[in-house]
Amino acid sequence: MGVRDPRAWVANVERLYRAHDAAGVEALYAPTARTRMGSRYLTPQEVHEHPYEWFASLDDYQITRTFRAATGDIIVSETTASYIVKAEGKRYREFGIDVYWVNDGGQIYHKHTSEIVEPYG
């Protein structure tokens with residue numbers, strides 16, 4: 001069935017990302033969760049490591065997640081973000097959607113992300 005209040009669930013995801021809370025983001029994912037980002041498919045181990053790597057690689061990370069739809073165990077959100085990649089010293093902006101498959105406990109067991117990342121400006 002999924003979560004009772006998908007809007008609140010997406011708002012919590014946004015809150016965790018805005019706080020750069022890697023442990024909180026990791027906890028969103030079920031132990032066997034897998035994600036697909038474009039042609040990249042992450043294993044459960046990579047899924048759980050990714051938030052720590054992501055937040056450590058960025059400066060001035062700003063994000064907005066907007067609830068767009070939900071049915072059954074599927075939640076869809078839209079993301080806009082901007083950040084500086086530390087290794088490059090360059091700012092990027094990101095536009096995308098996330099499709100989450102969420103269990104009754106509120107954990108993601110599968111996720112697809114479609115995004116456009118481009119240099120800012």
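Is His 20 buried, partly exposed or exposed? I looked this up before anything else, and His 20 counts as partly exposed, at 37% relative accessibility. I note that the model is a predicted one.

**Entry: backbone at His 20 and Asp 60**

I placed His 20 in the loop between H1 and H2. I then read its phi, which is near 55°, a positive value in a residue other than glycine. For context, most residues other than glycine have a negative phi. I found a positive phi also at Asp 60, about 45°, although Asp 60 is not a glycine. Asp 60 belongs to strand E3. I recorded Asp 60 as partly exposed because its relative accessibility is 41%, in between the limits of 20% and 50%.

**Entry: nonpolar core**

I turned next to the largest nonpolar core, which has 25 residues. Trp 9, Tyr 17, Tyr 29 and Tyr 61 are the residues with the most contacts inside this core. I listed the elements that give two or more residues to it: H1, helix H2 (22-27), strand E1 (29-37), helix H3 (44-56), strand E3 (58-71), strand E4 (74-85) and E5. Which element gives the most to this core? I found that it is H1, with five residues.

**Entry: Tyr 61 and the aromatic rings**

I examined Tyr 61 in more detail. Its relative accessible area is 9%, so Tyr 61 is buried by the criterion of under 20%. I left aside neighbours within four places in sequence and found Tyr 61 in contact with Tyr 17, His 20, Trp 54, Phe 55, Ala 81, Ser 82 and Tyr 83. His 20, from my opening entry, is thus one of the contacts of Tyr 61.

How many aromatic pairs does the structure hold? I noted six aromatic pairs. For Trp 54 and Tyr 61, the ring centres are 6.0 Å apart and the planes stand at 85°; the pair is therefore edge-to-face, as the angle is over 60 degrees. I also noted that ring pairs link Tyr 17, Trp 54, Phe 55, Tyr 61 and Tyr 83 into a cluster.

**Entry: charges over rings**

I looked for charged groups placed over aromatic rings. The charged end of Arg 65 sits over the ring of Tyr 17, 4.3 Å from the ring centre. Arg 91 lies over the face of Tyr 120, at 5.8 Å from the centre of that ring.

**Entry: salt bridges**

I recorded a count of six salt bridges, and I took up several of them in turn.

In the bridge between the side chains of Glu 14 and Arg 18, the N to O distance is 3.4 Å. Both residues lie in helix H1 (residues 6-18), four residues apart, about one turn of the helix. I checked the exposure of each partner: Glu 14 is buried, with a relative accessible area of 15%, whereas Arg 18 counts as partly exposed at 49%.

The side chains of Arg 93 and Glu 118 also meet in a salt bridge, at 2.8 Å from N to O. Arg 93 lies in strand E5 (residues 90-102) and Glu 118 in strand E6 (residues 108-119), so this pair ties together parts that are 25 residues apart in sequence. I found Arg 93 partly exposed, with a relative accessible area of 28%, and Glu 118 partly exposed at 26%.

A further salt bridge joins the side chains of Asp 98 and Lys 111, with 3.9 Å from N to O. This pair links distant parts of the chain, as Asp 98 is in strand E5 and Lys 111 in strand E6, 13 residues apart. What are Asp 98 and Lys 111, buried or exposed? I noted both as buried. Salt bridges that share partners join Arg 65, Asp 98 and Lys 111 into one network. Arg 65 is the residue whose charged end I had found over the ring of Tyr 17.

**Entry: surroundings of Asp 98**

I closed with Asp 98. Its relative accessibility is 4%, and Asp 98 counts as buried because that value is under 20%. I found a polar contact from the side chain of Asp 98 to the side chain of Thr 79, at 3.3 Å. Not counting residues up to four places away in sequence, Asp 98 touches Arg 65, Ile 75, Val 76, Ser 77, Thr 79, Lys 111, His 112 and Thr 113. Arg 65 and Lys 111, its partners in the network, are among the residues that Asp 98 touches.

Methods:
Residues are numbered from 1 along each chain as its sequence is written. This is a predicted model: local features need pLDDT of at least 70, side-chain atom pairs count only at pLDDT 80 or more; totals for chains, interfaces and linings use all residues. Side-chain values use heavy atoms; hydrogens and water are left out. A salt bridge is a side-chain nitrogen of Lys or Arg within 4 Å of a carboxyl oxygen of Asp or Glu. Buried means under 20% relative accessible area, exposed over 50%, partly exposed in between (1.4 Å probe, protein chains only). A nonpolar core is a set of buried Ala, Val, Leu, Ile, Met, Phe, Trp, Tyr and Cys residues joined through side-chain atoms within 4.5 Å. Contact means heavy atoms within 4.5 Å. Rings of Phe, Tyr and Trp (its six-membered ring) pair if their centres lie within 6.5 Å; planes under 30 degrees apart count as stacked, over 60 as edge-to-face and the rest as tilted. A charge sits over a ring if NZ of Lys or CZ of Arg is within 6 Å of the ring centre and within 35 degrees of the ring normal. A polar contact is a pair of N or O atoms within 3.5 Å; within protein, one must be able to donate a hydrogen and the other to accept it, and residues adjacent in sequence count only if both atoms are side-chain atoms.
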